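Reader: Hi, I have a protein model open and I would like to go through it with someone. Could you take my questions one at a time?

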Amino acid sequence: MNFLPLYAYFIAASFLVSLLVYRKNTPIYLRLFPPFLLLTLVAEIYGSYLYTKGKNNIVLYNFFSTFEFVFYLYILRSVISNKKVQKIIWIVMTLFVVAALFNLSFVQKKGTFHSTIYATGCLLIVIFCIYYFLELFRFPQSGRLYYNPAFWICTSLLFFYCCGFPLYGLLNEWSGISSLIVENFTMIVTILNIFLYSLFSIAFICVRTRKCTLSPS
């Protein structure tokens with residue numbers, strides 16, 4: 001497994017910690033994380049394997065990142081209370097999938113990363129994360145904020161996709177750049193992923209505490 005990126009081990013650790021969510025009265029959105037993280041780990045292992053064999057893994061990441069955005073949009077829909085916004089997210093999810101599939105089938109050049117779709121997905125996640133925080137601070141819930149798993153999940157998503165927007169959104173424009181920039185890009189991506197999955201783990205640990213505050217699903 002030496003071909004795996006460092007953050008893949010944090011995905012594995014987060015998956016193991018996520019098994020803590022299987023307890024009575026845990027919202028559905030939290031119960032979906034273990035299979036999602038396991039699928040994420042499998043995708044990373046297979047993608048890294050293809051890379052080491054000199055094969056193109058872009059198609060894999062194009063499809064998986066689309067699925068990833070849909071999953072996170074569903075999570076945000078689950079932790080947001082406003083019914084109108086929940087309906088908007090359902091519509092956005094549907095349109096996003098249609099746009100992504102159309103782009104991959106008819107617009108995107110074969111073997112290239114779908115940077116436009118990815119940037120759009122980043123923007124959508126950031127928008128709904130910001131709305132979650134506005135709703136959270138406008139209508140405070142009982143219990144301490146740092147015991148709320150939804151708070152940690154949305155914090156990680158907001159930070160990750162705010163930073164990922166310029167990195168991945170312009171990825172196809174980086175042809176011919178120096179190896180130093182590529183190394184720095186890899187390091188930044190690793191740090192972002194470690195941060196993302198570490199905060200996910202904190203959210204799952206919160207579920208096991210007695211003071212845990214669970215958002216409605």
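Reader: Which helix does Ser 201 lie in?

Author: In this predicted model, Ser 201 is part of helix α8.

Reader: And is Ser 201 buried or exposed?

Author: Ser 201 has a relative accessibility of 13%, and because buried means under 20%, Ser 201 counts as buried.

Reader: What does Ser 201 touch, not counting residues up to four places away in sequence?

Author: With those neighbours set aside, Ser 201 touches Ser 14 and Val 17. If you look at Leu 20 as well, the C-alpha atoms of Ser 201 and Leu 20 are separated by 9.7 Å, although the two residues are 181 residues apart along the chain.

Reader: What about Phe 200, what is that in contact with?

Author: Leaving aside neighbours within four places in sequence, Phe 200 is in contact with Ser 14, Phe 33, Leu 37, Tyr 72, Ile 153, Ser 156 and Leu 157. Phe 200 also belongs to the largest nonpolar core, which has 58 residues, and together with Phe 33 and Tyr 161 it touches the most other members.

Reader: Which helices supply residues to this core?

Author: At least two residues come from each of α1, α2, α3, α4, α5, α6, α7 and α8, and α8 gives the most, with twelve residues.

Reader: Okay, zooming out, how many helices and strands are there?

Author: The protein chain has eight helices and zero strands. Of its 217 residues, 46% are buried, and among contacts between residues at least 6 apart in sequence, 75% join residues at least 24 apart.

Reader: Switching topic, where does Glu 44 lie, and which side chain of opposite charge is nearest to it?

Author: Glu 44 lies in helix α3, which covers residues 33-52. The nearest side chain of opposite charge is that of Lys 53, 17 Å away, and Glu 44 has no salt bridge even though it is buried.

Reader: So what is Glu 44 in contact with, leaving aside neighbours within four places in sequence?

Author: Glu 44 is then in contact with Leu 4, Pro 5, Tyr 7, Ile 11 and Tyr 61.

Reader: Last thing, where is confidence lowest and where is it highest?

Author: Confidence is lowest in α8, with a mean of 87, and highest in α1, at 97. For the protein chain as a whole, the average pLDDT is 88, and 85% of the residues score at least 70.

Note on methods. Residues numbered from 1 in each chain as written. Predicted model: local features only at pLDDT ≥ 70, side-chain atom pairs only at ≥ 80, totals over all residues. Heavy atoms only, no water. Helix = DSSP H or I, 4+ residues; strand = E, 2+ residues; numbered from the N terminus. Buried < 20%, exposed > 50% of the residue type's maximum accessible area, 1.4 Å probe, protein only. Contact = heavy atoms within 4.5 Å. Lys, Arg positive; Asp, Glu negative; His and termini not counted. Salt bridge = Lys/Arg side-chain N within 4 Å of Asp/Glu carboxyl O. Core = buried A, V, L, I, M, F, W, Y, C linked by side-chain atoms within 4.5 Å. pLDDT = per-residue confidence, 0-100.
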